Amino acid sequence: MADKKPTPSATPTKAPTKALIKAPTKAPKKKQKPIELYYWPTPNGWKVSIMLEECGLPYTLKPVNIGMGDQFKRGFLKIAPNNRMPAIVDPSGPGNKPISLFESGAILQYLGRKTGKFYPSNERARAEVDQWLFWQMGGLGPMAGQAHHFRQYAQTKIPYAVKRYTNEVNRLYGVLNKQLRTQDFVAGRYSIADMAIWGWVVPYKNQGQKLEDFPHLKKWFERMGDRPAVKRGFALGLDLRRGTLGDKTKDAEKARKILFNQRAK
Ligand SMILES: N[C@@H](CCC(=O)N[C@@H](CS)C(=O)NCC(=O)O)C(=O)O
């Protein structure tokens, strides 16, 4: 009996019939490489740790001790030329190539686009989120930051500066309180805008504010704080921080020198 096995030359050159076409095997899903998070536990850092936790994205923590000057290390400056954290490196960026990003608002938008979570694709809804995100980036963050500075850290008390920034934060809390009067989250549904704002309300006492004066804001603040991902994002690296910048210790003095005496290099 002749061997039934076709020799290579006998292999049909015609397109194989359907029955011979093998079902395409699905390419195994590549395990996502973790995002590197350059971070220190502060209101700007929490925005990104909270978003990573909310999205369930794998990440590795790269502490940037800003009180010790880590933000000026050459490797970090390549990622974040503004010598500020947070920053991220996503090994699986656009085109499956690595991407590095600084500026917390830009990072939140990037992660929102990447995951399709907490950042709506519908243009009207996205514009609504953006305006509150930028409200935080350009308003609440800088004003609360100055309030912290002049109320807690400045070694010389300047009543004019204290009043100016305490009042401005008070005004901004009032705006937020009104926005939250009729809805649970700033832009309607829970979004990156809420994540950006929340950490800046955490130190409300240091900004000279009482949450009782802003009942809708208070409820939102507690609602956010109850979310497990917010709890995890907030807790990240808290154990790394020792004391505060206002302390009378040598470490705090060194940190103030590093943080509050910066000029162009
Ligand atoms: N606009 C920046 C601000 C970031 C920022 O100010 N980070 C502070 C800590 S909250 C920092 O890294 N400070 C280091 C320094 O002042 O040298 C962002 O939102 O990412």
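**View 1. The shell around the ligand mixes four nonpolar, five polar and two charged residues.** This is a predicted model, so read the close-ups with that in mind. The residues around the ligand are T42, N44, I66, Q71, N83, R84, M85, P86, E103, S104 and L259. Several of these turn up again in the next view, where the backbone gets a closer look.

**View 2. Two backbone oddities sit among the ligand-shell residues: a cis peptide bond from M85 to P86 and a positive phi at N83.** In general, most residues other than glycine have a negative phi, and most peptide bonds are trans. Here the bond from M85 to P86 has an omega near 10°. P86 belongs to the loop between α2 (74–79) and β3. N83 is found in the loop between α2 and β3 as well, and its phi is about 40° although it is not a glycine. With 17 other C-beta atoms within 10 Å, N83 comes out as partly exposed. Both N83 and P86 are on the list of residues around the ligand.

**View 3. N96 is another non-glycine residue with a positive phi, this one about 55°.** Look for N96 in the loop between β3 and β4. Is N96 buried or exposed? N96 has 8 other C-beta atoms within 10 Å, so it counts as exposed.

**View 4. Four strands line up as an open sheet in the order β2-β1-β3-β4, with mixed pairing.** At the edges are β2 (59–63) and β4 (99–102), each of which pairs on one side only. On average, neighbouring strands of the sheet are turned by 20° against each other, direction ignored. Strands of a sheet pair through backbone hydrogen bonds, either parallel or antiparallel. For β1 (residues 35–39) and β2, the sense is parallel, over five bridges. Within that pair, Y38 stands opposite K62 of β2.

**View 5. β1, α1 and β2 make up a right-handed β-α-β unit.** Helix α1 lies across β1, β2 and β3 (87–90). How is α1 angled to β1? The helix runs at about 155° to that strand. For the wider setting, the protein chain holds nine helices and four strands, and its elements run β-α-β-α-β-β-α-α-α-α-α-α-α from the N terminus on.

**View 6. Helix α6 (residues 192–201) is largely enclosed by the rest of the structure, because ten of its ten residues are buried.** Going along the helix, the buried residues are I192, A193, D194, M195, A196, I197, W198, G199, W200 and V201. What do they pack against? Their partners are α1 (43–55), α3 (104–115), α4 (123–153), α7 (215–225) and α8 (228–235). As a backdrop, 29% of the 265 residues of the protein chain count as buried.

**View 7. Y119 is a buried residue in the loop between α3 and α4.** Y119 has 23 other C-beta atoms within 10 Å, and the cut-off for buried is 20 or more, so it qualifies. Leaving out residues up to four places away in sequence, Y119 touches Q109, G112, R113, R126, V129, S191 and I192. V129 is ten residues from Y119 along the chain, and their C-alpha atoms are separated by 7.2 Å. I192, another of the contacts of Y119, is one of the buried residues of α6. Zooming out to the protein chain, 65% of the contacts between residues at least 6 apart in sequence join residues at least 24 apart.

Conventions: Residues are numbered from 1 along each chain as its sequence is written. This is a predicted model: local features need pLDDT of at least 70, side-chain atom pairs count only at pLDDT 80 or more; totals for chains, interfaces and linings use all residues. A residue is buried if 20 or more other C-beta atoms lie within 10 Å of its own, exposed if 12 or fewer, and partly exposed in between; C-beta atoms are placed from the backbone. Helices (H or I, at least four residues) and strands (E, at least two) are DSSP runs, numbered from the N terminus. Two residues are in contact if their C-beta atoms, placed from the backbone, lie within 7 Å. Two strands pair if DSSP finds at least two bridges between them. Axes are lines fitted to C-alpha atoms, for helices over the stretch in contact, and angles run from 0 to 180 degrees between N-to-C directions. A crossover is right-handed if, with the strands pointing away from the viewer, the path from the first strand over the helix to the second runs clockwise. A residue is near a molecule or strand if its C-beta atom, placed from the backbone, lies within 6 Å of it. Ala, Val, Leu, Ile, Met, Phe, Trp, Tyr, Cys and Pro count as nonpolar, Asp, Glu, Lys and Arg as charged, and the others, Gly among them, as polar.
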